[in-house]
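Open the model in your viewer and keep the sequence panel visible. The stops below are given in the order in which to select them.

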Amino acid sequence: LLEPDFVLLSRDSQPPRLIAGCICFPSSWAPEHKLGSTLDQIHEVVPDLNPTLGGAINAFLGRLKPGTAWTRANWGLCASPERNQHPARQLPRLRMPYDPNRTWVRIEHQALMVLPQSDAILFGIRIDQRPLTTLIGCPSTAHALGRALRSMPGPMATYKGIAEVREAIADDLLGTAHRPMM
């Protein structure tokens with residue numbers, strides 16, 4: 001009955017713990033391996049997240065009240081139009097030479113809200129995925145993504161699986177490449 005994927009985080013412990021979920025379209029992670037993990041354990045793989053923001057994230061989630069929702073977006077790039085990017089599927093990864101016609105922008109629209117009876121956090125994820133080439137019609141978005149790729153720290157680019165291709169994609173998006181995006 002729910003369109004987006006979701007996980008439930010229990011606030012019975014600090015940091016919150018993943019206690020249930022229904023993830024049909026994971027973005028290169030294995031939800032079944034995260035069941036029972038705290039948010040800090042889940043985020044261990046994200047470079048510098050826990051040391052820089054972990055405490056603030058946990059404090060924010062501790063302050064969430066029923067009746068409100070908080071939304072955010074998280075983006076990535078991938079070499080497959082498949083919505084289900086579970087690592088067990090061994091889908092192709094972005095490699096050089098990259099092909100802009102075989103590169104997709106993947107956006108996770110995320111929403112967090114507290115369920116009033118259980119006090120658990122419902123974390124919804126709706127996937128929006130489109131070809132990278134669609135950014136041609138939106139120069140400001142292409143420019144912003146190109147700048148984000150250029151300024152991204154190396155460990156984060158490695159984590160996102162784009163270290164090998166990010167300069168070439170940034171060149172295309174910023175209009176500095178030798179070949180135009182088709």
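Begin with Ser10. Leaving aside residues up to four places away in sequence, Ser10 is in contact with Pro16, Arg17 and Ile19. This is a predicted model. Colour strand β1 and you will find Ser10 within it. Ser10 has a relative accessible area of 9% and is buried, since the cut-off for buried is under 20%. Now show the backbone of Asp12: its nitrogen is reached by the side chain of Ser10 at 3.0 Å.

**The loop after β1**

Select Arg11. Which residue forms a salt bridge with Arg11? The partner is Asp119, and the closest N and O atoms of the pair are 2.6 Å apart. Arg11 sits in the loop between β1 (5–10) and β2 (17–22), while Asp119 sits in the loop between β4 (104–114) and β5 (121–131), so the salt bridge ties together parts that are 108 residues apart in sequence. The two ends differ in how they are classed: Arg11 is buried at a relative accessible area of 15%, whereas Asp119 is partly exposed at 34%.

Stay in the loop between β1 and β2, where Pro15 lies. Show the peptide bond between Gln14 and Pro15: the bond is cis, with omega about -5°.

**Ser28**

Move on to Ser28, in the loop between β2 and α1 (31–34). Check the backbone here: phi of Ser28 is positive, about 65°, although Ser28 is not a glycine. Ser28 counts as partly exposed, with 39% relative accessibility.

**The loop between β3 and β4**

Next select Gln90, which has its place in the loop between β3 and β4. Is Gln90 buried or exposed? Its relative accessibility is 71%, and Gln90 counts as exposed. Gln90 is another residue other than glycine with a positive phi, in this case near 50°.

Pro97 also lies in the loop between β3 and β4. The peptide bond leading from Met96 to Pro97 is cis, and omega is near -10°.

Add Glu82 and Arg89 to the selection. These two form a salt bridge, with 3.6 Å between the closest N and O atoms. Glu82 is partly exposed, at a relative accessible area of 35%, and Arg89 is partly exposed as well, at 37%.

**Helices α4 and α6**

Select Arg150 and Asp171 and show their side chains. They meet in a salt bridge, at 2.1 Å from N to O. Arg150 belongs to helix α4 (residues 139–151) and Asp171 to helix α6 (residues 166–174), so this is a link between distant parts of the chain, 21 residues apart. Arg150 has a relative accessible area of 36% and is partly exposed; Asp171 is partly exposed too, at 24%. Now add Glu167: salt bridges with shared partners join Arg150, Glu167 and Asp171 into one network. In total, the structure holds five salt bridges.

Before leaving Asp171, draw a C-alpha to C-alpha distance to Ala69. The two residues are 37 Å apart in space, and in sequence they are 102 residues apart.

**The largest pocket**

Finish with a surface view. Rolling a probe the size of a water molecule over the atoms shows where empty space is left. The largest pocket has a volume of about 1500 Å³. Which residues lie nearest its centre? They are Val46, Asn74, Glu108, Gln110 and Tyr159, out of a lining of 49 residues; select these five to centre the view.

Then colour the elements that contribute to the lining. At least two lining residues come from each of β1, α2 (39–42), α3 (49–63), β3 (69–78), β4, β5 and α5 (154–159). How many residues of the lining are nonpolar, polar and charged? The lining of the largest pocket divides into 31 nonpolar, 11 polar and seven charged residues.

Definitions and conventions:
Residues numbered from 1 in each chain as written. Predicted model: local features only at pLDDT ≥ 70, side-chain atom pairs only at ≥ 80, totals over all residues. Heavy atoms only, no water. Salt bridge = Lys/Arg side-chain N within 4 Å of Asp/Glu carboxyl O. Helix = DSSP H or I, 4+ residues; strand = E, 2+ residues; numbered from the N terminus. Buried < 20%, exposed > 50% of the residue type's maximum accessible area, 1.4 Å probe, protein only. 1 Å grid on protein atoms, 1.4 Å probe; cavity = no way out; pocket = protein on both sides within 12 Å on 5 of 7 lines; lining within 4 Å. Points joined across faces, edges and corners; volume = space filled by probe spheres on them. Nonpolar A, V, L, I, M, F, W, Y, C, P; charged D, E, K, R; others polar. Polar contact = N/O pair within 3.5 Å; in protein donor to acceptor, adjacent residues only side chain to side chain. Contact = heavy atoms within 4.5 Å.
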